[in-house]
Amino acid sequence: MFLQQLNETQKRQFLTFAMHIASIDNDFSSDEEAMLVLYCNEMNIPYNRQQIAEFNQIKIQEFKSNSSIKERKIFILELVGLAMCDNNFDTKEREFLETLAVAFDVPISFISECEDCINKYLEIQSKMISLVL
């Protein structure tokens, strides 16, 4: 949704974070992979699971020091969406996002706000689909 606002380096960094959160619960679901493909399409980056780098803790500080608060919030919002896409917002995913929020100087409550907004968005989307179909 907002990934186009990131620069090329940030987009690649986002994919690293996204791959990490998709596999942190040892359940890399087909829904999560489909979401990663959508993210890559949005960012105009070819999806190649093997080319997405393994998560490295250093990247948190690297991204923070080269990004605005808006860009850090985009990361968290999109990662919450990824964590929720398989209907299993796992404890490990939530803990990682909380760690990320603290490191990014974003209130932990922002994660819940993102979750609420995504749930409302999905509810409205479902209503629109039922109206048309």
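**Figure 1. Val80 and its surroundings in the predicted model.** Look around Val80 in this predicted model, and six residues from farther along the chain come into view: Phe89, Leu97, Ile111, Cys114, Glu115 and Ile118 are in contact with Val80, once neighbours within four places in sequence are left aside. Val80 is also a member of the largest nonpolar core, where Val80, Phe14, Ile76 and Phe104 touch the most other members. One of the Val80 contacts, Ile118, turns up again in the pocket view, where Ile118 is among the residues that lie nearest the pocket centre.

**Figure 2. The largest nonpolar core.** Zooming out from Val80, the core as a whole holds 40 residues. Helix 1 (8–23), helix 2, helix 3 (58–65), helix 4, helix 5 (91–103) and helix 6 each give two or more residues to this core. The largest share comes from helix 4, with 9 residues. As background for this view, nonpolar side chains in soluble globular proteins tend to be buried together.

**Figure 3. The largest pocket and its lining.** How much space lies in the largest pocket? The computed value is about 640 Å³. The lining is made of 22 residues, and those nearest the centre are Met35, Gly81, Ile118, Tyr121 and Leu122. Three helices each supply at least two lining residues: helix 2 (30–43), helix 4 (69–84) and helix 6 (109–132). Helix 6 gives the most, with 9 residues. Sorted by type, the lining has 15 nonpolar, 4 polar and 3 charged residues. If you wonder how such a space is found, rolling a probe the size of a water molecule over the atoms shows where empty space is left.

**Figure 4. Gln10, a buried residue of helix 1.** Gln10 sits in helix 1. Why does Gln10 count as buried? Its relative accessibility is 2%, and buried means under 20%, so Gln10 falls in that class. Not counting neighbours within four places in sequence, Gln10 is in contact with Phe63, Asn66, Ser67, Glu71 and Phe75. To place this view relative to the next one, the C-alpha atoms of Gln10 and Asn26 are separated by 25 Å, with their positions 16 residues apart along the chain.

**Figure 5. Asn26 and Asp105, two loop residues with positive phi.** Most residues other than glycine have a negative phi, and most peptide bonds are trans. Asn26 has a phi near 60°, a positive value, and Asp105 likewise has a positive phi near 60°. Asn26 is found in the loop between helix 1 and helix 2, while Asp105 lies in the loop between helix 5 and helix 6. Are these residues buried or exposed? Asn26 has 70% relative accessibility and counts as exposed because the cut-off for that class is over 50%. Asp105 is exposed too, with a relative accessible area of 51%.

**Figure 6. Val106, a buried loop residue.** Val106 also lies in the loop between helix 5 and helix 6. Here the relative accessible area is 5%, so Val106 is buried. Which residues does Val106 touch, beyond those up to four places away in sequence? They are Ile69, Arg72, Lys73, Ile76 and Ala101. One of them, Ile76, is also among the core members that touch the most others. For scale, Val106 and Asn88 are 18 residues apart in sequence and 23 Å apart in space, C-alpha to C-alpha.

**Figure 7. Gln50, an exposed loop residue.** Gln50 is found in the loop between helix 2 and helix 3. With a relative accessible area of 69%, Gln50 is exposed. The C-alpha atoms of Gln50 and Ala101 are 27 Å apart, and the two residues are 51 positions apart in sequence.

**Figure 8. The whole chain, as a frame for the close-ups.** The protein chain has 6 helices and 0 strands, and its elements run α-α-α-α-α-α from the N terminus on. Its C-alpha atoms fill a box of roughly 45 × 35 × 30 Å along the principal axes. The radius of gyration is 15 Å, which agrees with the value near 14 Å for a compact globule of 133 residues. Buried residues make up 43% of the chain. Of the contacts with a separation of 6 or more, 75% join residues 24 or more positions apart.

Conventions:
Residues numbered from 1 in each chain as written. Predicted model: local features only at pLDDT ≥ 70, side-chain atom pairs only at ≥ 80, totals over all residues. Heavy atoms only, no water. 1 Å grid on protein atoms, 1.4 Å probe; cavity = no way out; pocket = protein on both sides within 12 Å on 5 of 7 lines; lining within 4 Å. Points joined across faces, edges and corners; volume = space filled by probe spheres on them. Helix = DSSP H or I, 4+ residues; strand = E, 2+ residues; numbered from the N terminus. Nonpolar A, V, L, I, M, F, W, Y, C, P; charged D, E, K, R; others polar. Core = buried A, V, L, I, M, F, W, Y, C linked by side-chain atoms within 4.5 Å. Buried < 20%, exposed > 50% of the residue type's maximum accessible area, 1.4 Å probe, protein only. Contact = heavy atoms within 4.5 Å. Rg over C-alpha atoms; globule rule 2.2 N^0.38 Å.
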